[in-house]
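Trainee: I'm new to this one. Please pick a single chain and take me through it closely, from its overall build down to a few individual residues.

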Amino acid sequence: MISFGKPLKIALGLIAIAALIIVPMNFNRYGLFILSQWAVMSIAAMGLNLTLGYAGQVSLAQGAFVGIGAYAAAIMTTHGWPLPAAILVAIALSFAVGWVLGYPALRVQHHYLAFVTLAFSTLAFLVFRNESWLTGGIYGISNIPRPHVFGLATNKPLPFYYVCLGSLAIVSLAVWWLIRSPWGRAFMALRENPLRAQSLGVDTRRYTLMAFAIGSALGGVAGALYAPLTQYIDPVPFNLSLSLDLLMMVIVGGAGFYFGPFLGAMIAVLLPEWLRFTEGYYLMLYAVAVMLLLIWSPTGILGILDRAMAARRTKAASALRAVAKSRLETVQ
Amino acid sequence: MSAVLEVTNIKKNFGGISAVDGVSFDVREGEILGLIGPNGCGKSTLFNCILGQLTPSGGEVRLDGKVVTGLRPSELNKLGVSRTFQLLQVFPKLSVRENLILAGQEHQGNMASRLVGRSDAGLSDAANQMIGFFKLDHLADEPAGGLSYGQQKLLDAAMAFMGGPRLVLLDEPAGGVNPSMLADLKDRLVAINREKNATFVVIEHNMEFVMSLCSRVMVMAEGKVLAMGRPDEVRKNLAVIEAYLGH
């Protein structure tokens with residue numbers, strides 16, 4: 001961290017934000033769709049990164065929460081409610097369901113918890129598919145309207161991309177605040193050593209439930225943006241494979257790193273497009289790349305950067321020690 | 001002197017084994033009570049029963065006269081009971097300072113104020129003081145996992161004091177700590193005991209450390225209390241017990 005100057009970091013951040021605003025202005029419809037999808041998936045992955053990366057609670061259900069948010073938004077907006085109201089409902093609903101899903105985590109951990117959340121994921125999918133009075137079943141819900149923001153219609157791809165990007169910005173700030181607050185520290189304590197955390201007054205039960213609920217709520221936000229983005233939803237995108245995709249975004253980007261989800265979502269959403277020229281080999285290449293990455297760096301891409309910076313610090317420290325030692329020797 | 005902690009007939013069975021078998025004692029305000037005995041005699045199990053990490057099979061724990069048996073560890077900690085562990089229990093990826101802030105933050109405000117309030121929960125100064133007090137200044141920003149064993153032991157102890165506890169249960173604080181660091185640790189414990197009037201219960205195998213630090217010593221074997229008294233009395237007693245048990 002020392003090696004990167006703070007001004008340099010801020011400058012890089014500003015350049016990235018400016019690029020995200022300006023560059024897409026002359027993108028075509030499809031490019032904007034992909035980029036909007038990146039923003040939406042980043043939000044969902046940030047939620048999972050909170051639950052899994054920071055608080056250490058394995059979840060294979062994030063895709064289900066994206067589904068809950070998407071259906072909440074689709075149902076409400078097609079009945080004439082404004083999108084912000086739908087987002088609030090999506091947040092409340094997925095927060096509540098996430099809280100309840102957190103209870104098993106108080107009893108089981110790791111692989112067992114993964115199985116519990118996997119079962120929930122399947123259950124949610126069955127509800128989306130079978131409760132057709134509410135969700136439209138396999139026919140789904142179509143003609144999902146896009147919102148008006150400050151009186152401006154966002155039907156066109158570019159304005160709606162800005163809606164997604166703005167939402168991502170708000171969520172990013174909120175998550176940044178959360179992880180550097182005492183709550184974030186308590187989440188990391190859950191991950192690193194729950195036994196010790198308890199003995200220091202950390203209410204591990206409440207924080208575990210909170211980690212699940214907040215992470216799931218962000219999944220709901222992503223879903224509530226996904227519905228107006230695609231303007232049509234059916235149960236298929238929200239099956240287990242979305243949960244696995246989101247899990248991979250978090251792991252590949254770097255679980256427990258703030259920027260991990262942005263990077264992971266970028267790879268998961270953009271790489272298929274870049275590898276399109278390989279035609280049928282895309283999935284194979286992707287699988288091999290992920291395997292190699294995780295063998296090389298189990299902590300993801302940002303893990304590589306972290307290790308490099310730690311190595312630089314160690315080198316600097318041992319250089320200092322060498323200088324100090326030689327001085328001591330000359331004194332003697 | 002009034003009793004801070006009263007333990008009455010605590011029992012803990014694991015299957016057919018009775019790890020703690022009807023232990024009763026009390027700890028007076030401001031004293032340092034030593035707890036010694038051979039490995040496997042139930043010392044740590046007794047600690048875990050007192051601190052709510054294990055549910056006792058029988059008996060009662062009172063804090064300031066109020067029954068606290070069955071409370072969760074985090075609830076007990078909020079009532080001013082803190083502990084250290086026999087094996088290292090720090091948060092390896094957090095820095096030394098972050099470890100200390102974490103150790104104190106749950107005693108500041110409530111859940112809501114910890115979410116919207118300051119990132120350090122107003123504890124940076126207190127953490128820096130504690131870092132200075134335990135001579136960890138040069139390591140303040142290092143990840144705790146990178147510290148030496150002895151330094152992590154010191155950090156572990158320092159963390160137990162961040163919440164300003166009235167009663168601290170220390171499980172083998174001297175284990176694996178080199179002699180000069182041990183002398184430091186003893187000084188720190190005595191200082192906190194006198195200045196903050198904190199009460200300690202210390203499990204330790206290092207007899208010299210126990211006998212010089214503690215005002216009273218309790219001896220356990222096979223889940224029972226064998227002897228309790230001033231260090232010199234217990235030392236005499238120990239000779240008899242050792243002869244009798246053949247340790």
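Mentor: Let's look at chain B, going from its overall build to its sheets, then to one glycine and the side that meets chain A.

A bit of bookkeeping before we start. This is a predicted model, where local features need pLDDT of at least 70 and side-chain atom pairs count only at pLDDT 80 or more, while totals for chains, interfaces and linings use all residues. Residues are numbered from 1 along each chain as its sequence is written, and chains are lettered from A and ligands numbered from 1 in the order in which they are written.

Now the overall build. Chain B has nine helices and ten strands; these are DSSP runs numbered from the N terminus, with helices (H or I) of at least four residues and strands (E) of at least two. Its radius of gyration is 18 Å, close to the 18 Å that the globule rule gives for 247 residues, so chain B is as compact as a globular protein of that length. The radius is taken over C-alpha atoms, and the rule is 2.2 Å times the number of residues to the power 0.38. If you lay the C-alpha trace of chain B along its principal axes, the spans come to about 55 × 40 × 35 Å.

How much of chain B is tucked away? Of its 247 residues, 43% count as buried. Buried here stands for 20 or more other C-beta atoms within 10 Å of a residue's own, exposed for 12 or fewer, and partly exposed for anything in between, with C-beta atoms placed from the backbone. Chain B also links up parts that are well separated in sequence: among contacts between residues at least 6 apart, 67% join residues at least 24 apart. A contact needs two C-beta atoms, placed from the backbone, within 7 Å.

On to the sheets. One of them is an open sheet of four strands in chain B, in the order E2-E1-E4-E5, with antiparallel pairing. Strand E2 (17-28) and strand E5 (66-67) of chain B stand at its edges, each with a single partner strand, so one side of each has no neighbour in the sheet. Two strands pair if DSSP finds at least two bridges between them.

Start at the E2 end. Strand E1 (residues 3-14) of chain B runs antiparallel to E2(B), and nine bridges join them. In that pair, Glu6(B) has Asp26(B) of E2(B) as its bridge partner. E1(B) and E2(B) make a hairpin with two residues between them, and Gly15(B) in the turn has a positive phi of about 60°. At the other end, strand E4 (residues 58-63) of chain B pairs with E5(B) in the antiparallel sense over two bridges. There you can find Arg62(B) opposite Val67(B) in E5(B).

There's also an open sheet of six strands in chain B, ordered E6-E7-E8-E3-E9-E10, and its pairing is mixed. Its edge strands, strand E6 (81-83) and strand E10 (224-229) of chain B, each pair on one side only. From one strand to the next the twist averages 20°, using axes that are lines fitted to C-alpha atoms (for helices over the stretch in contact) and angles that run from 0 to 180 degrees between N-to-C directions. Inside this sheet, strand E7 (residues 167-171) and strand E8 (residues 199-203) of chain B pair in the parallel sense over five bridges. Val168(B) stands opposite Phe200(B) in E8(B).

Next, zoom in on the glycine. Gly150(B) lies in helix H6 (residues 149-161) of chain B. Is Gly150(B) buried or exposed? Gly150(B) falls in between: it is partly exposed, because 18 other C-beta atoms lie within 10 Å. Setting aside neighbours within four places in sequence, Gly150(B) is in contact with Gly176(B), Val177(B), Asn178(B) and Met181(B). Leu182(B), 32 residues along the chain from Gly150(B), has its C-alpha atom 8.7 Å from that of Gly150(B).

Last stop, the side facing the other chain. Here 25 residues of chain B are in contact with 18 residues of chain A. Helix H2 (73-78), helix H3 (96-105) and helix H4 (111-116) of chain B each supply at least two residues of the side of chain B that touches chain A. H3(B) gives the most to that side, with five residues. By type, the residues on that side of chain B split into twelve nonpolar, seven polar and six charged. For that tally, Ala, Val, Leu, Ile, Met, Phe, Trp, Tyr, Cys and Pro are nonpolar, Asp, Glu, Lys and Arg are charged, and the others, Gly among them, are polar.
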